[in-house]
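Visitor: I should like to take a close look at a single part of this structure, namely one charged side chain and its surroundings. Would you please describe it, and then follow the links outwards?

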Amino acid sequence: MSEHTLAVSDSSFDKDVLKASGLVLVDFWAEWCGPCKMIGPALEEIGKELAGKVTVAKVNIDDNPETPNAYQVRSIPTLMLVRDGKVVDKKVGALPKSQLKAWVEGAL
């Protein structure tokens with residue numbers, strides 16, 4: 001993870017995502033997932049460009065199986081936008097950075 005993304009675990013999800021102030025973009029990913037690796041740099045850039053407006057949180061599904069199960073994550077990458085502890089939108093699959101950023105900005 002970088003300074004613009006936050007590694008989140010099953011044990012920290014409540015504090016880091018559900019109780020966070022502002023919008024949180026949650027990325028459910030895994031090391032072996034090609035599309036996850038493709039969108040990783042775009043998510044880093046979005047985290048940097050929208051710093052202070054959105055938090056980019058990454059959940060490794062192999063290390064943290066409870067949270068993806070609770071949110072019925074069936075394929076990865078799965079991206080969720082969370083505000084005030086509630087999922088406001090969800091996307092599955094890799095998208096170009098321009099589409100990801102427009103999606104996030106539309107929720108701000």
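Guide: Lys 58 counts as buried, at 9% relative accessibility. Buried here means a relative accessible area under 20%, exposed means over 50%, and partly exposed lies in between, with a 1.4 Å probe and protein chains only. The model is a predicted one, in which local features need pLDDT of at least 70 and side-chain atom pairs count only at pLDDT 80 or more, whereas totals for chains, interfaces and linings use all residues. Residues are numbered from 1 along each chain as its sequence is written, and side-chain values use heavy atoms, with hydrogens and water left out.

The partner of Lys 58 is Asp 27: their side chains meet in a salt bridge, at 2.7 Å from N to O. Asp 27 belongs to strand β2 and Lys 58 to strand β3 (residues 54-60), so the pair ties together parts that are 31 residues apart in sequence. A salt bridge is a side-chain nitrogen of Lys or Arg within 4 Å of a carboxyl oxygen of Asp or Glu. Strands (E, at least two residues) and helices (H or I, at least four) are DSSP runs, numbered from the N terminus.

Asp 27 is itself buried, at 0% relative accessibility. Its side chain also makes a polar contact with the side chain of Lys 58, at 2.7 Å. A polar contact is a pair of N or O atoms within 3.5 Å; within protein, one must be able to donate a hydrogen and the other to accept it, and residues adjacent in sequence count only if both atoms are side-chain atoms. Leaving aside residues up to four places away in sequence, Asp 27 touches Ile 39, Leu 43, Ala 57, Lys 58, Val 59, Pro 77, Thr 78 and Leu 79, where contact means heavy atoms within 4.5 Å.

Lys 58 has a second relation to consider: it lies over the face of Trp 29, at 5.4 Å from the ring centre. A charge sits over a ring if NZ of Lys or CZ of Arg is within 6 Å of the ring centre and within 35 degrees of the ring normal.

One of the residues that Asp 27 touches, Pro 77, leads to the backbone. A cis peptide bond joins Ile 76 and Pro 77, with omega about 0 degrees. Pro 77 lies in the loop between α3 and β4. Gln 72 is found in that loop between α3 and β4 as well, and its phi is near 50 degrees, a positive value in a residue other than glycine. Most residues other than glycine have a negative phi, and most peptide bonds are trans. Gln 72 counts as exposed, at 53% relative accessibility.

A contrast to Asp 27 is offered by Asp 10, in the loop between β1 (5-7) and α1. Asp 10 is buried yet has no salt bridge, and the nearest side chain of opposite charge, Arg 74, is 13 Å away. For this purpose Lys and Arg count as positive and Asp and Glu as negative, while His and the chain ends are not counted. The side chain of Asp 10 does make a polar contact with the side chain of Thr 67, at 2.7 Å. Among the residues that Asp 10 touches, not counting those up to four places away in sequence, are Asn 64, Pro 65 and Glu 66.

Other salt bridges may now be placed beside that of Lys 58. A search of the whole structure finds 7 of them. In one, the side chains of Glu 45 and Lys 97 meet at 2.9 Å from N to O. This pair links distant parts of the chain, with Glu 45 in helix α2 (residues 34-49) and Lys 97 in helix α4 (residues 97-107), 52 residues apart. Lys 97 also forms a salt bridge with Glu 49, the closest N and O atoms being 2.6 Å apart. Here too distant parts are linked, Lys 97 in helix α4 and Glu 49 in helix α2 being 48 residues apart. Glu 45, Glu 49, Lys 97 and Lys 101 are linked in a network of salt bridges. In this network Glu 45 is partly exposed, with a relative accessible area of 38%, Glu 49 is partly exposed at 41%, and Lys 97 is partly exposed at 24%. Lys 58, by contrast, is buried at 9%.
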